[in-house]
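I opened my notebook to go through this model with a few simple look-ups. Here is what I wrote down, in order.

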Amino acid sequence: MPNLIELTNLILSEGVLWLALSGLLLAYWVIYRIRRVVLDPLKQLAKGAQQISQGDFNVRIETTQFGPINTLVRAINQMALKLQERDQQARLTAFTDRLTGLPNRSYLTLALQDRTQKAREPLSILTWSIDNLDSIQEVLGHDVADQVLKRLAAKAKRVCRDHIVLARVEGPVFCVIMPRRLLTIRLAKYPLDRLLRSRLRYQRHDLEVQGHAGIAHYPEHSECAESLLRRAEIARLLAIKTRQTHLEFEPRFEQHSANRLQLIAQLREAIALEQFCFYFQPKLNLRTNSINQAELLLRWNHPTKGLIAPGGFIELAEQTGLIKDITRLVIAEAYRISSLCAQQNIRLSINLSAMDLEDLTLVRFVARLHKQYPEAAKHLMLEITESAAMRDPEQALEILARFSEMGFQIAIDDFGSGYSSLAYLKRFPVTELKIDRCLVQGADMDTDGQIILESTIEMGHIMGLLVTTEGVETEAEFELVSKLGADYLQGFWLSRPMPFEEFRLKHLVGNHTSLLQTKTSMADLSQKVL
């Protein structure tokens, strides 16, 4: 039998072994728990933070048994939730029109791409615009115009329901994407003419809404989303130009757009090469029965198309901003011949566009001319339409005041064709009122027309203005405007616009050969004052 010492040593050795084994197991258990409770959650935290940094805000990290890490987990989850909410709000803002609450152009583009890629049936794209919104805004202000947009957007929402994407593209332009069958159903129930020509009552105002629409179809007109939208727009713009309520796209329309682009390029070249000539239309002074005013009119002497009247290019020039350069050419020409007109006491009228009334650089250009030829302004008149003056009244008032200070006379042209009141326009430094042809035509055979024309002439005189009646074409109209007390008349009854040489021989009596022989080009004159 082992003695006591040996037994004791054996028990001790076995105890140490058991203790060592127990310590090892405890160490493994502690490491396992640390990894389970601390290291694995930390790895999940790191992974989650990386996903959040890459823009995945949907990630949520599970809580653990370890309190301090749970605090960090909750903080990161809360941060992800806040970022997710901000991201959703940003996306909502990026794809939503703030005024109407409709989807915007960005959303429309994505939706159109998605629908054309997944289309199982023919689609239709319809764009439409509120084309007299500027007029409503000019008269009643931005707030009313915004309310009109919001009401019409709400009306469109009621019409456009399931399987339809409705968006505000920009400004007064809207767009709808829908299956073709739905378009047919909707148009049968809600005719486009009725939608695009409607009346709206707002704050005691009865407003007439005027619009035009363009339609393109998938896949007939294109299988590309951008091309479809562009072709619907081409149809809408052509509907406006041709004064049709709506048009469906046709391939020939693109040729029209291509021709328009070509015409823009040619117009730029015409300005650079001075491919313009000037015509003059006299105005008869009904008090003295003499010619002492004339309107300076522009013609484009196109190298292949011949003379093009203003109606063929002025609108295009205004849309492209080229009107600013054209106005400078016209003013330079007026200054060039102003001394000839001064000798015969004839004042020349020059037309300014709406863009000119927003162009302070034009004022500086004219100021340089005025500095060299200070007497010329006394023999020149600037004509502005009432709609142009009302587009930005405060800016127009500032610019016209500057011109008035230089000595220019100011006339309101085409009065009676818009919405503005003479009382409001009286804020401008106006000296003459030109009554539009629409109030003169047929007034000799219409009692109500005579009353309106007489009242307008009388109102102009009460305001201290000279009054010109435009578009007088018949003897009866001449006799009527004379009887009603107009100061001047202008129109084909008196004279059609004539080239400078004819105007000079008829109305600029005298020998001006030397001045004509030393004619300074418009570009040279412009360069001198720049």
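How many cavities of 30 Å³ or more does the count come to? I found one cavity of 30 Å³ or more. A cavity here is a set of points on a 1 Å grid over the protein atoms alone where a 1.4 Å probe fits but cannot get out. Its volume, the space filled by probe spheres set on points joined across faces, edges and corners, is about 330 Å³.

I noted 21 lining residues (an atom within 4 Å of a point), and those closest to the centre are Trp128, Ala156, Leu192, Leu195 and Leu196. The lining has 17 nonpolar, two polar and two charged residues (Ala, Val, Leu, Ile, Met, Phe, Trp, Tyr, Cys and Pro count as nonpolar, Asp, Glu, Lys and Arg as charged, the others, Gly among them, as polar).

This is a predicted model, with local features needing pLDDT of at least 70 and side-chain atom pairs 80 or more, while totals for chains, interfaces and linings use all residues. Residues are numbered from 1 along each chain, and side-chain values use heavy atoms, without hydrogens and water.

Next I checked confidence: pLDDT, the predictor's confidence in each residue from 0 to 100, has a chain mean of 80, and 77% of residues reach 70 or more. It stays under 50 over residues 510-530, where the model has 33 contacts (heavy atoms within 4.5 Å) beyond four places in sequence. I keep in mind that where pLDDT is low, the predicted coordinates should not be read in detail.

Definitions and conventions:
On a 1 Å grid over the protein atoms alone, a cavity is a set of points where a 1.4 Å probe fits but cannot get out, and a pocket is an open set with protein on both sides within 12 Å along at least five of seven lines; lining residues have an atom within 4 Å of a point.
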